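Below are my comments on the model, set out as numbered points. Please read them alongside the sequence and the coordinates.

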Amino acid sequence: MGSFVFLFFVQMFSLLTHAKTLYNEGDAKKFVVVGVGAQGCHSSTLANYPNLPRDSRGCVKSIDDISWNSRQQTLAMLENLHQLYPDANYSFVDSYSATHHIIDHREEFGNHALPSIHFKHMLLTILVYNR
């Protein structure tokens with residue numbers, strides 16, 4: 001799990017660097033950033049780490065906590081970019097919250113969240129974080 005955390009920080013730094021470069025050198029003013037989903041709830045995570053503690057949703061807590069921190073850091077980075085470049089706009093696709101919403105309201109989605117429903121919900125979350 002340590003390499004996952006390291007990769008997260010490398011990717012966050014890379015995202016910030018690329019966004020600044022695109023803004024300064026490429027004249028980019030609009031960005032769409034897709035957040036990390038709830039990795040602790042992913043079927044491969046559940047299968048590969050059957051003995052790790054779970055949260056109330058049945059997700060692997062330690063890995064889901066990393067996903068949550070990634071979400072928070074991405075939102076903070078986007079706010080920082082907005083402060084640096086007030087004329088830039090971004091949309092943040094909150095995959096983490098969308099995943100948890102589907103799990104928490106499983107009965108509304110027929111106990112199995114179809115990708116089209118998930119995508120539809122993610123489009124709604126864009127509107128919430130549109131800047």
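1. Ala-19 touches Phe-31 and Leu-81 once residues up to four places away in sequence are set aside. The model is a predicted one, and in it Ala-19 belongs to helix α1. Its relative accessible area is 8%, which is under the 20% limit, so Ala-19 is buried. From Ala-19 to Lys-30 the sequence separation is 11 residues, and the C-alpha atoms are 9.9 Å apart.

2. Leu-81 gives the view from the other side of that contact. Apart from its neighbours within four places in sequence, Leu-81 is in contact with Leu-16, Ala-19 and Lys-20. Leu-81 is also one of the buried residues of α3.

3. Which residues of the largest nonpolar core touch the most other members? They are Phe-31, Leu-78, Leu-81 and Phe-92, out of 14 residues in that core. Two or more residues are contributed by each of α1 (2–26), β1 (30–34), α3 and β2 (89–93). The largest share is that of α3, with four residues. A second core, separate from this one, has five residues, among them Ala-38, Cys-59, Tyr-96 and Ile-103.

4. For context, the protein chain contains five helices and two strands. Their order along the sequence is α-β-α-α-β-α-α. Of the 131 residues in the protein chain, 36% are buried. Taking contacts between residues at least 6 apart in sequence, 66% join residues at least 24 apart.

5. Helix α3 deserves its own entry. It is made of 24 residues, and the distance from its first C-alpha to its last is 34 Å, close to the 34 Å expected at 1.5 Å a residue. Its buried residues are Ile-63, Asp-64, Ile-66, Ser-67, Ser-70, Arg-71, Thr-74, Leu-75, Met-77, Leu-78, Leu-81 and His-82. As background to reading such a list, an α-helix has 3.6 residues a turn, so residues three or four places apart point the same way. The buried set in α3 includes polar and charged side chains, such as Asp-64 and Arg-71.

6. Arg-71 has a partner outside the helix. Its side chain makes a polar contact of 2.9 Å with the side chain of Asp-94. Asp-94 is placed in the loop between β2 and α4. Is Asp-94 buried or exposed? Its relative accessibility is 1%, so Asp-94 counts as buried.

7. Tyr-90 is part of strand β2. With a relative accessible area of 10%, Tyr-90 is buried. Its C-alpha atom is separated by 7.3 Å from that of Val-33, although the two residues are 57 apart along the chain.

8. Why can α4 be called largely enclosed by the rest of the structure? Seven of its 10 residues are buried, and the description follows from that count. The seven are Ser-95, Tyr-96, Ala-98, Thr-99, His-100, Ile-102 and Ile-103. Thr-99 has a relative accessibility of 17%, so it falls in the buried class, whose limit is 20%. The side chain of Thr-99 reaches the backbone oxygen of Ser-95 at 2.8 Å.

9. The count of aromatic pairs comes to two. In one of them, Trp-68 and Tyr-96, the ring centres are 5.5 Å apart and the planes meet at 55°; this angle lies between the 30 and 60 degree limits, so the pair is tilted. The pair joins distant parts of the chain, with Trp-68 in helix α3 (residues 61–84) and Tyr-96 in helix α4 (residues 95–104), 28 residues apart. The two residues fall into separate accessibility classes: Trp-68 is partly exposed at 37% relative accessibility, whereas Tyr-96 is buried at 8%. Tyr-96 also belongs to the second nonpolar core mentioned in point 3.

10. A last item concerns a charge over a ring. The charged end of Lys-29 sits over the ring of Tyr-23, at 4.0 Å from the centre of that ring.

Methods: Residues are numbered from 1 along each chain as its sequence is written. This is a predicted model: local features need pLDDT of at least 70, side-chain atom pairs count only at pLDDT 80 or more; totals for chains, interfaces and linings use all residues. Side-chain values use heavy atoms; hydrogens and water are left out. Rings of Phe, Tyr and Trp (its six-membered ring) pair if their centres lie within 6.5 Å; planes under 30 degrees apart count as stacked, over 60 as edge-to-face and the rest as tilted. Buried means under 20% relative accessible area, exposed over 50%, partly exposed in between (1.4 Å probe, protein chains only). A charge sits over a ring if NZ of Lys or CZ of Arg is within 6 Å of the ring centre and within 35 degrees of the ring normal. A nonpolar core is a set of buried Ala, Val, Leu, Ile, Met, Phe, Trp, Tyr and Cys residues joined through side-chain atoms within 4.5 Å. Contact means heavy atoms within 4.5 Å. The expected span of a helix is 1.5 Å times one less than its number of residues. A polar contact is a pair of N or O atoms within 3.5 Å; within protein, one must be able to donate a hydrogen and the other to accept it, and residues adjacent in sequence count only if both atoms are side-chain atoms.
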